[in-house]
Structures are given as C-alpha cells and as structure tokens.
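Please read this report with the structure open beside it. It looks at charged side-chain pairs and at the way strands are arranged.

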Amino acid sequence: MSGPGIDYAQLRRWPDVEAENLFAHDAGDPLLLETALAAGLPAGREIVVVNDHYGALTLGLAAHGATGLRVHQDALSGERAIDANAARLGPELGLDLSGAYRHLPLGPELFEGATLVLLQLPRSLDALDEIAWHAARWADPRVRLLAVGRVKHMGLAMNEVLGRSFATVTAGLARQKSRVLAASLPRGSAPDGSELPPARFPLRAHHSVAGTSLELRAFGATFGGPKLDPGTRFLLEHLDGLPAAGEAVDLGCGNGTIAAFVALARPGLRVLACDQSASAVASTAATAAANGVADRVTAVRDDALSALADGSKDLVLLNPPFHMGNTVHAGIALKLFADAGRVLAPGGELWCVWNSHLRYRPQLARLVGSTRQVARNAKFTVTVSTKP
C-alpha cells in the first residue's frame, strides 16, 4: 500500500546495511498508518512517532499533510535513513518531507502535549516499558498509543507491559501477519485512580569478571540490559596482552562493560565508547559513573566510527552484533570491522570476540590486517588483528 505519493518500496535503509534480505519497511507500517488515519489524525504537533525504522511512518504521515511531527529513533542509522529518504523522495514528489518532522531524544520534550503516539514495537520488553512509561508520564491524558508488530514476534507480555502504564490495552485483528495494539488512559490520570509506577531505568546489576568488580547500568533499549554478555566476559578474561596505549576505543559499547573494565584495569587509559544506540550511550555513561571512571570514559553516539579520522587510533575493542533487527545477518559485523580497519593507525590493533561458528578470521584479515587467535572455547573466539 502507498500513501498519497509515497511508494514504500522506494524507501532505502542507507546508511544502514543494505542487502536483498533486509527491507526498509514491512506490512505493519501501512497497517499502523491506516489505523491512525481511520481514527482521525490530530494536529501534526500532537503526533509522536517512535521506532520508525527507516521513515515509512514519518514520511507517510508527512504525505498526508502532517507537519510538526516529533520523531524518536534509538538507532542513529535510523535517524539518518529517514533524513536521506526524505531528502531523496521529497523533491520527486514536490513535498517538503524534510521539514515535516524533527528528531528528539526519549523524554519530556518528545511527548509533552501528544495525543497520538505511533510505535513500531521493539524487540525488547524493557524498551517497550520505557517508551510506554515516558508516553504515559508526559503526553496529554487523552493520548492514544498505537503500536504495531509482526505477529510472530508478539506475545501477551507486550499487553502486560503496556498495561503497567496505561489502564486500557486492546489488540486489533491481524492483517498480513501484523497486528496493532492500542493503549489509552495513562495511569496517573485514568478514571480508575491508578497511579503510574516509578520509573525503572536505568536497570542495575553487579558482576565480577577477571578479578574486577563491575556495576552495570542499562536503559530500556540497550541490548542485553545490565547483564554481562558471555562473549564479552570471555574477551575480558583474555586481555592480558593488551598493548600499552593512551586511549582505547570501545566500538559498539552497549551497556559499557568493556569501557568500564579497561578503564578500571588501566588507570592511565582513556576510553572513547561509541554506539549508534542512544540508549547504549546513556547506559555506558551511567556505567562509567557507577564505577568511578566517568572522567576517563567518553560515550558518544556514532554510526560505527564515522566521526573518527583515518589512521587516528591505536587500539579498538569490539564484540560485534550478529543481528539486524530480527534477522541474523553478518553485514553489521563486517561494517564495524571495515571501519575499525580504516580508523586504526599502522601497527594499531583490533581486539575482537565473536561466535566461533561465524568464522570471521578471513574477513578480519581482509578488512583490518594480519589476525591471530588469542583464545577459543566451544562458543567464542578472541582474535587480535593488526593494521599493516
């Protein structure tokens, strides 16, 4: 289905990874937009769009005349993809798509006065819980939250999570393997007198690894929450040979485990922690503060290492993801390897942990440099790749 002048098939994922089995929209996008249109759109400044992967919802609304849209993407690549699609498609359609919306962080400014929230359901229940809480806390009491997902990825737990923040939650009929959940009556303003529970985030956990005590923090959309990832644990247990350096880059920092660990292990080391997830960057900053190393850990939001110059760093540490949304795909890992190789100075090293069955060693050698194995067990491999 296409909105007036919007052909969803023309949307691109760029600058995110593109491949034949990765798509910039799904059947849930038109279903959610149709549901919102059928109920009647409020003024654009009252509409919030959350987790719109590549712009199908935002630009679809703009094509229906909505302006002043407020949009939140946890992933920086998603933000940039919406902007790129708007800039490319707008002139072709004679529409100012780029001027119809603005990006905002998850918080009061995003939701204040909103009467309609459109949401692509996240994979994580914690992410859904945090979004729903913010919407219930800051939006207009009349707000309707409409959330769409693929049926195979949905469960009753999502209704229960929405029910913590909203007194009424209903599910629509499935269409093309997608379904819309509708939530209304924010707790704290609902007629039943129910109160909105206190905010849960950041989540907290204590861990010990390689003789180091770690306090981890995580906001809702941070992959793995405050858990200690087993692959990351394996990497940290084998960093004895880490070269001397004044600064390390923690690429894809997540909840900040690697950044905090190496900062604690080497008091003279500064760490630049990068992630495209706004939630991960906030989590890493909170983890650094909880471990007393906030003065030496700088967390920044970046698409891979796009803000860093070629040949500018001597040491990069990485535990790459192997999922793109709900799809297992090596593209994101290869993108990170290539950018690490670009940023490393001659003689610089990439320390990497990866699932052994993925057999990344040839790609690391091609994209970074000579690669040797440091450690291996039944599940994980730690390697060091040296830039020639």
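The text below moves from the model itself to its salt bridges and then to its strands.

This is a predicted model, in which local features need pLDDT of at least 70 and side-chain atom pairs count only at pLDDT 80 or more, whereas totals for chains, interfaces and linings use all residues. Residues are numbered from 1 along each chain as its sequence is written, and side-chain values use heavy atoms, with hydrogens and water left out.

**Salt bridges**

A salt bridge is a side-chain nitrogen of Lys or Arg within 4 Å of a carboxyl oxygen of Asp or Glu, and the structure holds 13 of these. Three of the salt bridges are listed here with the distance between their closest N and O atoms.

| Salt bridge | Closest N and O atoms |
|---|---|
| R164 and D129 | 2.9 Å |
| D129 and R200 | 2.5 Å |
| D303 and K335 | 2.8 Å |

To place these pairs, one needs the helices (H or I, at least four residues) and strands (E, at least two), which are DSSP runs numbered from the N terminus. The salt bridge between R164 and D129 links distant parts of the chain, with R164 in helix α6 (residues 156-165) and D129 in helix α5 (residues 125-138), 35 residues apart. D129 also forms a salt bridge with R200, and this pair spans 71 residues, from helix α5 to the loop between β7 (178-186) and β8 (203-209), where R200 lies.

Is D129 buried or exposed? Buried means under 20% relative accessible area, exposed means over 50%, and partly exposed is in between, using a 1.4 Å probe and protein chains only. D129 has a relative accessible area of 4%, so this residue is buried, while R164 at 42% and R200 at 38% are each partly exposed.

D303 forms a salt bridge with K335; because D303 lies in the loop between β12 (297-301) and β13 (313-318) and K335 in helix α10 (residues 331-343), the pair ties together parts that are 32 residues apart in sequence. D303 counts as buried at 9% relative accessibility, and K335 counts as partly exposed at 22%. Salt bridges that share partners join D126, D129, R164 and R200 into one network.

**Strands and their pairing**

Strands of a sheet pair through backbone hydrogen bonds, either parallel or antiparallel. Here two strands are said to pair if DSSP finds at least two bridges between them.

An open sheet of seven strands has the order β3-β2-β1-β4-β5-β7-β6, with mixed pairing. Its edge strands, each pairing on one side only, are β3 (101-103) and β6 (166-171). Neighbouring strands of this sheet are turned by 20 degrees against each other on average, direction ignored. Within it, strand β5 (residues 144-150) and β7 run antiparallel and are joined by seven bridges, and A147 has L181 in β7 as its bridge partner.

Helix α5, which holds D129, lies across β1 (47-50), β4 (116-120), β5, β6 and β7, and runs at about 125 degrees to β6. Contact means heavy atoms within 4.5 Å, and axes are lines fitted to C-alpha atoms, for helices over the stretch in contact, with angles running from 0 to 180 degrees between N-to-C directions.

Elsewhere, β13 is mostly covered, five of its six residues being buried. Strand β10 (residues 247-251) runs parallel to β13 and is joined to it by three bridges, with L318 in β13 as the bridge partner of L251. β13 also pairs in the parallel sense with strand β16 (residues 344-355) over five bridges, and W351 in β16 is the bridge partner of L317.
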